[in-house]
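The following exercises concern the internal spaces and the bound ligand of a single protein model. Each task is followed by a solution set out in steps.

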Amino acid sequence: MTFPNQRPRRLRTTPAMRRLTAETRLAPAELILPAFIREGLTEPNPITSMPGVVQHTTDTLKRAAAEAVELGLGGIMLFGIPETRDPEGTAALDPDGVLNKAIRDVRAEVGDDLVIMSDVCLDEFTDHGHCGVLDADGYVDNDRTVEIYARMAVAQAEAGAHMLGPSGMMDGQIAAIRSALDEAGHVNTSLIAYAAKYASAFYGPFREAVDSQLKGDRRTYQMDAGNRTEALREVELDLAEGADIIMVKPAMSYLDIVADVAAMSPVPVSAYQISGEYAMIEAAAANGWIDRRTAITESVLGIRRAGAHTVLTYWAAELAGWMKESR
Ligand code: PBG
């Protein structure tokens, strides 16, 4: 049976027609740029497995933040790489530690013109590379870690972060951080909760980016790749604990989770297109196997289409530049 009057192709005839009928669009304000700053650097340091991404110096980080404002990006998410590490991640609490200082510098540079976000996690600061402190058996000690996160969060809020990103997947971290912030008077410092964060091989290049000391994996705290229902439990807990934005991570292999969460979340949903997702597309494009710009655009569009309001992506600035150029 044919339906000669049913021709969906009519709406695809010209670029203008396709623009008119597009269901999902990208805007710079929906993009968040993750950025790394490394203590003691005098020149930016390229990350081999993430071509085009660097470990910043203070100066280049400030420039990247100023550029993000010019491009109209939604935010910047800061990660710090300290010079010295210890089992407790002490440098995370130092008001003059690399991350807290970077937050202050970026805030001085851009003020409130960009949402300044920072990573609340210990993996960059511990000499064993785990996201928390260890007990006598080498198990990541949930409750003692959460206490440290709460102090770390207050230090970051004091340094001037607008929004904090607890990424360690400890139980109760959002509640503990929220009450510590409130007690310290930071009632308006918001939380973007890494609610459904999976143990993923695609974090690989990030390990180089932050010079991670981790041996083994994070499977006792991050979620198992096959679990879908559990993501809703994690999201419900973080909502109840006071999350302002809910994040799913990684993005591309977890678009069903993004869609599930978007369908039930009363707060904005974000997704993190992580280092390995970036590296895969860059590597394939460098080999001439895919068209770089089209593939990047499609990948981020897909994450938005699945239901993410905002996307953390290492291509945020480049994508925003393309949008400017095509307007
Ligand atoms: C933990 C953290 C990680 C990433 C962001 N925050 C690493 C991990 O969980 O192993 C990964 C981001 C990426 O791969 O781009 N602080």
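**Exercise 1. Describe the second largest cavity by its volume, its lining and the class of its residues.**

Solution. In this predicted model, the second largest cavity holds about 90 Å³ of space. Its lining consists of Met169, Met170, Asp171, Gly172, Gln173, Tyr194, Glu234, Leu237, Asp238 and Glu241. Next, assign these residues to elements: helix 7, residues 229-241, contributes the largest share, 4 residues. Finally, sort the lining by class, which gives 4 nonpolar, 2 polar and 4 charged residues.

**Exercise 2. Which sign does the phi of Met169 have, and where is Met169 placed?**

Solution. Begin with the general expectation: most residues other than glycine have a negative phi. Met169 is not a glycine, yet its phi is positive, at about 60 degrees. To place Met169, look to the loop between strand 6 (163-166) and helix 5 (173-183). Met169 also belongs to the lining of the second largest cavity.

**Exercise 3. Locate the ligand, and describe the cavity in which the ligand sits.**

Solution. First, count the cavities: the structure holds 2 of 30 Å³ or more. The ligand sits in the largest cavity, whose space amounts to about 110 Å³. Then consider the lining of this cavity, which comprises 14 residues; Asp123, Lys197, Phe206, Arg218 and Lys249 lie nearest its centre. By class, the lining of the largest cavity contains 5 nonpolar, 2 polar and 7 charged residues.

**Exercise 4. Which residues come nearest to the ligand, and which polar side-chain atoms lie beside its oxygen and nitrogen atoms?**

Solution. Start with the shell. There are 17 residues around the ligand, and Asp123, Lys197, Lys249, Ser275 and Tyr314 come nearest. The shell divides into 7 nonpolar, 3 polar and 7 charged residues.

Proceed to individual atoms:

- For Arg207, an N or O atom of the side chain is 2.8 Å from an oxygen atom of the ligand.
- For Gln222, a polar side-chain atom lies 2.8 Å from an oxygen atom of the ligand.
- For Lys249, a polar side-chain atom lies 3.2 Å from a nitrogen atom of the ligand.

Conclude with the exposed area: the ligand taken alone exposes 400 Å², and the protein buries 100% of that.

**Exercise 5. Is the peptide bond that joins Lys249 and Pro250 cis or trans?**

Solution. As a reference point, most peptide bonds are trans. The bond between Lys249 and Pro250 is cis, with an omega of about -10 degrees. Pro250 is found in the loop between strand 8 (245-249) and helix 8 (255-264). Lys249 is also one of the residues that come nearest to the ligand.

**Exercise 6. Characterise the largest pocket by its volume, the residues closest to its centre and the helices that supply its lining.**

Solution. The largest pocket contains about 570 Å³ of space. It is lined by 14 residues, and Arg25, Leu26, Thr297, Met323 and Ser326 are the closest to its centre. Two helices, helix 10 (292-306) and helix 11 (316-326), each supply at least two residues of this lining. Of the elements, helix 11 gives the most, with 4 residues. The class division of the lining is 7 nonpolar, 3 polar and 4 charged.

**Exercise 7. Which element supplies the largest share of the lining of the second largest pocket?**

Solution. Note the volume, which is about 300 Å³ for the second largest pocket. Of its 16 lining residues, Leu33, Gly52, Val53, His56 and Tyr314 are the closest to the centre. Next, list the contributing elements: strand 1 (31-38), strand 3 (54-56), helix 2 (58-71) and helix 11 each supply at least two residues. Strand 1 provides the largest share, 4 residues. By class, the lining of the second largest pocket has 11 nonpolar, 2 polar and 3 charged residues. Finally, relate this pocket to the ligand: Tyr314, named above, is also among the residues that come nearest to the ligand.

Notes
Residues are numbered from 1 along each chain as its sequence is written. This is a predicted model: local features need pLDDT of at least 70, side-chain atom pairs count only at pLDDT 80 or more; totals for chains, interfaces and linings use all residues. Side-chain values use heavy atoms; hydrogens and water are left out. On a 1 Å grid over the protein atoms alone, a cavity is a set of points where a 1.4 Å probe fits but cannot get out, and a pocket is an open set with protein on both sides within 12 Å along at least five of seven lines; lining residues have an atom within 4 Å of a point. Grid points are joined across faces, edges and corners, and a volume is the space filled by probe spheres set on the points. Ala, Val, Leu, Ile, Met, Phe, Trp, Tyr, Cys and Pro count as nonpolar, Asp, Glu, Lys and Arg as charged, and the others, Gly among them, as polar. A residue is near a molecule or strand if one of its heavy atoms lies within 4 Å of it. A polar contact is a pair of N or O atoms within 3.5 Å; within protein, one must be able to donate a hydrogen and the other to accept it, and residues adjacent in sequence count only if both atoms are side-chain atoms. Accessible areas come from the Shrake-Rupley method with a 1.4 Å probe; for residues, only the protein chains shown count as cover. A molecule sits in a cavity or pocket if more than half of its atoms lie within 2 Å of its grid points.
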